[in-house]
Amino acid sequence: MTVAKYSASGNDFVIFHTFVKKERNGLAQTLCHRQEGVGADGLIVLLPHERYDFEWQFYNADGSVAAMCGNGSRAAAHYAFSRGLAPNRMRFLTGAGVIEAEVDGSIVTSELTPPQIIDKNIEAFEKTWWLVDTGVPHLVAFVDKVDSFDLREARELRRQYDANVNIAAIEGGLLRVRTYERGVENETLACGTGMAACFYRGNQEGKVGDCIAVMPASGERLELAKKGDTLTLKGEVRHTFDAMMERDFD
Ligand SMILES: N[C@@H](CCC[C@H](N)C(=O)O)C(=O)O
């Protein structure tokens with residue numbers, strides 16, 4: 001059995017498609033393991049769907065299921081198009097709802113589900129946090145500079161709110177974001193729904209307009225835009241390699 005390895009703005013994923021729908025929490029842990037497996041932030045499994053181009057199962061590296069993953073949605077769209085599973089403009093079903101994506105060479109755009117503000121008044125560690133759902137929950141605080149990200153604080157907030165934790169700053173016209181991810185239980189190099197949540201708060205507070213360039217910890221640049229009720233995330237996706245597994249796991 002062959003699986004694909006993808007990189008999308010700093011998040012990395014193992015992806016395969018199958019007809020067999022079942023729980024794969026253990027397989028996600030095995031494949032995502034950085035030393036013993038392929039190594040990734042998440043596992044994405046594509047399955048056929050009668051109404052949409054496909055549906056997916058998304059697992060974090062620790063085997064937990066997540067309803068949505070912004071960068072994962074872009075990687076999944078690239079995988080589906082390049083393997084003839086979907087046209088270049090596609091719709092697919094995630095735990096958070098239907099995602100629309102468009103593949104243009106290595107540039108992939110995903111339209112996320114409409115963001116929802118859950119709480120605007122969380123005071124912690126001398127910052128005001130918003131809890132925003134962009135498919136999965138994200139705590140967002142704006143700071144002057146993102147150079148230092150206190151992971152001890154992030155771990156405490158992640159535990160308390162069962163959410164991903166982001167700090168954001170506008171530096172030189174760019175939105176810079178750092179994210180501590182639930183299910184990876186560490187800072188990752190990027191997080192699509194996290195960047196979208198920061199953009200949404202910035203937009204709601206009048207700090208940013210309806211379109212901005214965003215830079216996660218990886219240093220890879222993306223574009224975020226507001227389109228009606230929804231947010232779009234656009235940037236490069238790379239298929240880095242395929243890995244041949246010794247045994248079939250379906
Ligand atoms: N990296 C993803 C988000 C993946 C899910 C998240 N770790 C959670 O459990 O909420 C993204 O690009 O959005």
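**Exercise 1. Determine which residues C191 touches, where C191 lies, and whether C191 is buried or exposed.**

Step 1. Leaving out residues up to four places away in sequence, C191 touches N11, N71, N164, T179, E181 and P216; contact requires C-beta atoms, placed from the backbone, within 7 Å of each other.

Step 2. The model is a predicted one, in which local features need pLDDT of at least 70, side-chain atom pairs count only at pLDDT 80 or more, and totals for chains, interfaces and linings use all residues. Residues are numbered from 1 along each chain as its sequence is written.

Step 3. C191 sits in the loop between β13 (186–188) and α4 (192–204). Helices (H or I, at least four residues) and strands (E, at least two) are DSSP runs, numbered from the N terminus.

Step 4. C191 is buried, because 34 C-beta neighbours lie inside 10 Å. The term buried applies at 20 or more other C-beta atoms within 10 Å of the residue's own, exposed at 12 or fewer, and partly exposed in between, with C-beta atoms placed from the backbone.

**Exercise 2. Establish which residues UniProt lists as "active site", and why they gather at one spot.**

Step 1. The unreviewed UniProt entry lists C69 and C191 under "active site".

Step 2. Although they span 123 residues in sequence, no two of their C-alpha atoms are more than 7.7 Å apart, so they gather at one spot. UniProt positions follow the numbering used here, feature names are shortened, and annotations may be inferred rather than shown by experiment.

Step 3. C69 occupies the loop between β4 (54–60) and α2 (70–82). C69 is buried, since 32 other C-beta atoms lie within 10 Å.

Step 4. Beyond four places in sequence, C69 touches G42, F58, G192 and T193.

**Exercise 3. Locate N11 and N60, two of the residues recorded as "binding site", and describe their surroundings.**

Step 1. The "binding site" list in the unreviewed UniProt entry includes N11 and N60.

Step 2. N11 lies in strand β2 (residues 11–17) and is buried, with 28 C-beta neighbours inside 10 Å. Among the residues that N11 touches are D41, N71 and C191.

Step 3. N60 belongs to strand β4 and is buried, with 24 C-beta neighbours inside 10 Å. Apart from neighbours within four places in sequence, N60 is in contact with G42, A66, R182, G183 and V184.

How values were computed
Contact = placed C-beta atoms within 7 Å.
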